[in-house]
Amino acid sequence: MSEYNCVKYRCPSNIALVKYWGKKSGGVQLPANPSISWTLTDLHATTTVTRTKLTDTHASSVSLEFFLAGEPKPSFEPKIRQFLERIAPFMPEVKDFHWRIESENNFPHGTGIASSAAGFGALALCFADFQRADLAGIQTWSEEEFLQTASKYARLGSGSACRSVYGQPGIWGETKAWSKATDEFAVPFTAEVHPSLNNWADAVLIVDDGEKSVSSTQGHDLLKDHPYATSRYQQAQINLERLLEIMKKGDLEGFISLVESEALQLHAMMMSSEPYYLLIRPNTVAIIEKIWLKRKETQWPMAFTLDAGANVHLLYDKSYSQSVMNFIETELLPYCKNSLYLCSNIGGSPQKN
Ligand code: PMV
């Protein structure tokens with residue numbers, strides 16, 4: 001065991017282009033379909049993990065305390081405890097220590113932005129880093145093995161988090177379109193992306209900053225007996241295959257229509273679950289329609305996408321930044337809660353601090 005007892009990582013959030021929605025019935029957090037995302041380098045979590053050896057080694061449960069933005073947050077501990085219990089079979093030393101976990105996000109709280117991808121990404125990187133240090137001299141991990149381990153651990157915290165450990169687009173879930181892809185962890189899409197799709201950014205338009213009426217965990221669960229689940233999974237397979245080709249070729253029209261269709265399919269699955277529910281709000285729809293109208297008038301390369309919530313992600317080619325910012329400020333801000341939107345560049349790897 002190394003003398004290395006404190007580690008800190010910063011990890012970006014991500015936004016899926018082809019959505020993960022639904023889990024396989026066996027295993028822990030295995031996706032029912034493949035997904036791909038862009039990391040949002042400017043919306044990130046920074047997590048410091050400090051460990052102290054327990055005298056009673058191999059305790060039956062994990063020992064931890066969690067702080068968010070400097071405040072103790074015992075309400076987060078059950079989810080983190082579950083994460084640690086899930087990684088313990090791969091990292092038995094989890095039960096030998098007390099873990100002090102301090103995390104903070106660089107985006108404001110209560111914006112409805114899912115912080116779990118960045119948060120579990122950063123946490124998983126810290127644990128994989130401890131494990132790599134403990135194994136030094138016994139086993140050497142390549143950078144690829146380290147990131148795959150971190151991605152697997154992140155997946156066990158929050159499925160979509162596993163894609164956040166790469167600067168390149170992250171692919172998660174088996175697909176014949178990318179031979180390295182697996183359900184266990186995300187892998188980077190290393191093919192050359194066409195220049196027309198390699199310089200984009202995201203403006204997250206905050207429509208609703210409240211607690212979601214149905215959590216992602218509940219949402220995934222509702223896919224189990226969903227009448228359209230099988231066709232959605234097939235469609236996601238097809239869309240992923242198409243998107244990889246689109247990204248290589250730089251087919252902008254194909255990109256826009258596929259990404260927007262994926263966002264609407266995600267919400268269509270929510271609307272047709274049993275019980276049905278809606279996470280989009282009237283202002284979500286108003287923003288989408290404004291984007292469609294503006295694109296029709298200007299042909300700007302931009303597309304909207306949605307997470308499991310009401311906020312709209314406006315993805316756009318950065319060469320059009322000034323025009324898009326002006327469009328947001330003059331036409332979209334009235335639909336944003338407290339006139340709030342957050343911008344991020346696409347890409348950017350996690351950083352060890
Ligand atoms: O990672 P989870 O369990 O919170 O699932 C979220 C899934 C979506 O954000 C809605 C889509 C995705 O692929 O990120």
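This report walks through a predicted model, starting with the ligand and ending with the backbone.

## Around the ligand

Let's begin where a bench biochemist might look first. The ligand has 13 residues around it, and Tyr20, Ser160, Arg163, His220 and Asp307 come nearest. Sorted by class, this shell holds 5 nonpolar, 5 polar and 3 charged residues.

Oxygen atoms of the ligand have polar partners in the protein. At tyrosine 20 the partner is a polar backbone atom, 2.9 Å from a ligand oxygen. Two serines use their side chains instead: a polar side-chain atom of serine 158 lies 3.0 Å from an oxygen atom of the ligand, and one of serine 216 lies 3.5 Å from an oxygen atom of the ligand. How much of the ligand does the protein bury? Taken alone, the ligand exposes 380 Å², and 91% of that is buried by the protein.

## The cavity

Next comes the enclosed space. Searching the whole structure for cavities of 30 Å³ or more turns up 1. The largest cavity holds about 30 Å³ of space. If you would like to find it on screen, its lining is made up of Arg10, Cys11, Pro12, Thr41, His44 and Ser349.

Which strand gives the most to this lining? That is β1, with 3 residues. Both β1 (residues 6-18) and β2 (residues 35-53) supply at least two residues each. By class, the lining of the largest cavity divides into 2 nonpolar, 3 polar and 1 charged residues.

## The second largest pocket

Now for an open space. The second largest pocket has a volume of about 220 Å³. Its lining consists of 16 residues, and those nearest the centre of the pocket are Trp38, Leu197, Asn198, Ile346 and Gly347. In terms of class, 8 residues of this lining are nonpolar, 7 are polar and 1 is charged.

## Aromatic pairs

Across the whole structure, the search finds 17 aromatic pairs. One of them joins tryptophan 99 and phenylalanine 127. A pair of aromatic rings is described by two values, the distance of the centres and the angle of the planes. For tryptophan 99 and phenylalanine 127, the centres are 4.5 Å apart and the planes make an angle of 50 degrees, a tilted arrangement.

Why does this pair tie together separate parts of the sequence? Tryptophan 99 sits in strand β5 (residues 97-105) and phenylalanine 127 in helix α2 (residues 116-135), so the pair links parts that are 28 residues apart in sequence.

## Two spots in the backbone

Some backbone background helps here. Most residues other than glycine have a negative phi, and most peptide bonds are trans.

Which peptide bond is cis, with omega near 0 degrees? The bond from glutamate 274 to proline 275 has this geometry. Proline 275 belongs to the loop between α6 (residues 252-271) and α7 (residues 282-298).

Glutamine 29 is the other spot to visit. Its phi is positive, about 55 degrees, although this residue is not a glycine. Glutamine 29 is found in the loop between β1 and β2, and those strands also supply residues to the lining of the largest cavity.

Definitions and conventions
Residues numbered from 1 in each chain as written. Predicted model: local features only at pLDDT ≥ 70, side-chain atom pairs only at ≥ 80, totals over all residues. Heavy atoms only, no water. 1 Å grid on protein atoms, 1.4 Å probe; cavity = no way out; pocket = protein on both sides within 12 Å on 5 of 7 lines; lining within 4 Å. Points joined across faces, edges and corners; volume = space filled by probe spheres on them. Helix = DSSP H or I, 4+ residues; strand = E, 2+ residues; numbered from the N terminus. Nonpolar A, V, L, I, M, F, W, Y, C, P; charged D, E, K, R; others polar. Near = heavy atom within 4 Å. Polar contact = N/O pair within 3.5 Å; in protein donor to acceptor, adjacent residues only side chain to side chain. Areas by Shrake-Rupley, 256 points an atom, 1.4 Å probe, with all protein chains shown as cover. Phe/Tyr/Trp six-rings, centres within 6.5 Å; stacked < 30°, edge-to-face > 60°.
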